[in-house]
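Visitor: I have the model open. Walk me through its enclosed spaces, then one of its sheets.

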Amino acid sequence: MTLPTGEHFVLETSTASGDLQATVTAVGAGIRTLTINGIQLVPEYPEDQPQPMGAGIVLVPWPNRIRDGIWTHDGVERHLAITEPSRNNAIHGLLRYTEYRPIARERDSVTLQATIYPQLGYPFLLGTAVHYELVADGLKVTHFIENLGAEAAPVAIGAHPYLKIGGVPTADLTLRLDAASHIEVDDRLLPTGEVPVDGTDWDFREGRRVGDVTLDDAFGEVASHDGTVMHTLTAPDGRSVSIWADDEFDYVQVFTTRDFPGEDGDVAIAVEPMTAPAEAFNSGRGLRWLDPGEEWQLSWGIRFEGFSAG
């Protein structure tokens, strides 16, 4: 049977906290499951469905949105395919529906590869890979991008993981974002400005209950501690699940919904690390230009804390 998300790669390992397992999909190189002792750390969607709402996918060569799919390079106006028709935007890069192929596989890890070929609005050639590895406290994800073309190419990286703590209503989790600014947007969710979060409802540095907020918002001025950024969901009993990332992930998008399949109306929350915000191809913010032959490598992951082996 061919699945809408392609081949599934099941990763397993044993840790001091118990048995850790993940499932990664070939399509979108997405995280479909992550469990510690059977407790879900990401919401699992039905096997016979494509990824709902971008669940777990890789966002390359840009995360978030580009207005009208239009950007200008060397005086030439480029037109990307419109992949968010309701808002007339190009969204989440060029690999969302691509089937990656495995190039390395172990019991606890898999490396998936996909090539971005020159195409409508993006005349560049990139080799990309993503390595998923189970580690003692969760899942580590490492991205590799190489410019295979003859001219410099614009690149930004993002990911779209959802988080939960199985057995605890996500609405009752406390969300902490280590971000000092909020990106204001228009009705198409495109940036219009950036403001400090101090003294506003956008300040999540001390934590707010997930069920009390509705979000599809980006945050900047993400704080780095010893080269790592961290955003955390904490249960009332003290257990937590976090997104950690290299300090090149200067932005984070948070999205909440009560329509995620299988969550029975509970909140589902995506905490999305990004190296650049929406409209980066036009603003240049967070955008990296890779020279011919240049490679870029960076990592993020999902970390759990407070779970015991039983």
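Guide: Start with the largest cavity, whose volume is about 80 Å³. Bear in mind that this is a predicted model.

Visitor: How many cavities of 30 Å³ or more are there?
Guide: The count takes cavities of 30 Å³ or more. The largest has about 80 Å³, and the second largest about 60 Å³. The total is 3.

Visitor: Which strand supplies the largest share of the lining of the largest cavity?
Guide: The lining includes I183, V185, D216, D217 and A218. β18 (179-185) and β21 (216-222) each give at least two residues. The largest share is 3 residues, and its source is β21.

Visitor: How many charged residues are in the lining of the largest cavity?
Guide: Among the lining residues are R65, D216 and D217. By class, 7 are nonpolar and 2 polar. The charged count is 3.

Visitor: How many nonpolar residues line the second largest cavity?
Guide: This lining includes I31, V42, P43, Y45 and F260. R32 and G56 also belong to it. The split gives 1 polar, 1 charged and, for the nonpolar class, 8.

Visitor: Now the sheet. Which strands are the edge strands?
Guide: The open sheet has 4 strands, ordered β1-β2-β3-β4, with antiparallel pairing. An edge strand here pairs on one side only. Those strands are β1 (8-15) and β4 (39-40).

Visitor: What is the bridge partner of A22 in β3?
Guide: β2 (residues 18-25) and β3 (residues 31-36) pair in the antiparallel sense. Their pairing runs over 5 bridges. In β3, the partner of A22 is L34.

Conventions: Residues are numbered from 1 along each chain as its sequence is written. This is a predicted model: local features need pLDDT of at least 70, side-chain atom pairs count only at pLDDT 80 or more; totals for chains, interfaces and linings use all residues. Side-chain values use heavy atoms; hydrogens and water are left out. Two strands pair if DSSP finds at least two bridges between them. On a 1 Å grid over the protein atoms alone, a cavity is a set of points where a 1.4 Å probe fits but cannot get out, and a pocket is an open set with protein on both sides within 12 Å along at least five of seven lines; lining residues have an atom within 4 Å of a point. Grid points are joined across faces, edges and corners, and a volume is the space filled by probe spheres set on the points. Ala, Val, Leu, Ile, Met, Phe, Trp, Tyr, Cys and Pro count as nonpolar, Asp, Glu, Lys and Arg as charged, and the others, Gly among them, as polar.
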